[in-house]
Structures are given as structure tokens and as C-alpha cells.
Amino acid sequence: MADIMDRMLSSLVKHKGSSETKSYLIGLERGRIWASDSADYFEMREWSEINLEEYEDNVLPGNEEVHFRVLQTETSLEWDAYVKGWVDGVREIVSRY
């Protein structure tokens with residue numbers, strides 16, 4: 001599964017133009033990866049329950065903002081769409097529990 005995610009991210013990163021959809025999809029995959037590989041259950045629950053309309057911090061947990069910055073050096077990304085996708089990816093993984 002991780003190999004498929006890596007290939008999807010690589011494919012999306014190759015497209016250099018900025019778009020909300022691309023940013024969302026890359027964020028979605030990163031959120032899934034974080035929730036599957038790095039987060040404990042309580043971190044996943046916390047992030048899956050966040051209300052983005054009320055969320056004012058521009059910080060993701062752990063090294064996730066660093067991942068965003070690294071990806072942003074390779075392709076144009078929009079922060080808000082990326083974060084929305086990231087949270088939706090975490091929610092998807094949490095819904096499996």
C-alpha cells in the first residue's frame with residue numbers, strides 16, 4: 001500500500017503548476033501516511049476531530065510541516081488545500097478503527 005501511495009505522490013509532484021486539487025490530493029496522501037505510520041491512536045483522533053474553520057494554527061504535528069516544505073520545493077502547493085486534504089486523510093484512516 002505504501003508503494004502505491006509513494007507512486008501517487010511522485011506522479012502528482014511531477015505536475016509543477018499550482019492547483020487546489022493537486023494540493024488537496026498530496027495532502028490527503030500525506031495525512032494517510034502520517035496516520036498509518038507515525039501517529040498513535042490519540043493523535044489520530046485529535047487531528048480527525050479538528051474543525052478547520054476554527055483552526056487558526058498553521059502547524060501540523062511532528063515533521064509534517066517539514067514534509068510540506070520539502071514537497072513545496074519540488075512542486076507548487078497551496079497550504080489551505082493541503083491541510084484540508086491532510087486532515088481528510090487522517091479522518092479516513094481513523095474511520096477504519
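**Aromatic pairs and a helix crossing**

Arg-69 lies over the face of Trp-79, at 5.6 Å from the ring centre, in what is a predicted model.

Trp-79 also takes part in an aromatic pair, and a pair of aromatic rings is described by the distance of the centres and the angle of the planes. The count of such pairs comes to six. One of them joins the rings of Trp-47 and Trp-86, whose centres are 5.3 Å apart and whose planes stand at 85°, and because planes over 60 degrees apart count as edge-to-face, this pair is edge-to-face. Trp-47 belongs to helix H3 (residues 41–48) and Trp-86 to helix H5 (residues 79–94), so the pair ties together parts that are 39 residues apart in sequence. With 10% relative accessibility Trp-47 counts as buried, and Trp-86, at 0%, counts as buried as well.

The rings of Phe-68 and Trp-79 have their centres 4.7 Å apart and their planes at 80°, so this pair, too, is edge-to-face. Here the link between distant parts of the chain runs from Phe-68 in helix H4 to Trp-79 in helix H5, 11 residues apart, and both residues are buried.

Trp-47 and Trp-86 form one aromatic cluster with Trp-34, and Trp-34 leads on to a helix contact, since in H2 Ile-26, Arg-30 and Trp-34 meet Glu-64, His-67 and Leu-71 in H4. By class, this contact has three nonpolar, one polar and two charged residues. The axes of helix H2 (residues 20–37) and helix H4 (residues 64–74) come within 11 Å and cross at roughly 145°, and the crossing in which H2 passes H4 is right-handed.

Note on methods:
Residues numbered from 1 in each chain as written. Predicted model: local features only at pLDDT ≥ 70, side-chain atom pairs only at ≥ 80, totals over all residues. Heavy atoms only, no water. Axes fitted to C-alpha atoms, helices over the stretch in contact; angles between N-to-C directions. Helix = DSSP H or I, 4+ residues; strand = E, 2+ residues; numbered from the N terminus. Left-handed = near helix turned anticlockwise from the far one by under 90°. Contact = heavy atoms within 4.5 Å. Nonpolar A, V, L, I, M, F, W, Y, C, P; charged D, E, K, R; others polar. Phe/Tyr/Trp six-rings, centres within 6.5 Å; stacked < 30°, edge-to-face > 60°. Buried < 20%, exposed > 50% of the residue type's maximum accessible area, 1.4 Å probe, protein only. Lys NZ or Arg CZ within 6 Å of the ring centre and 35° of its normal.
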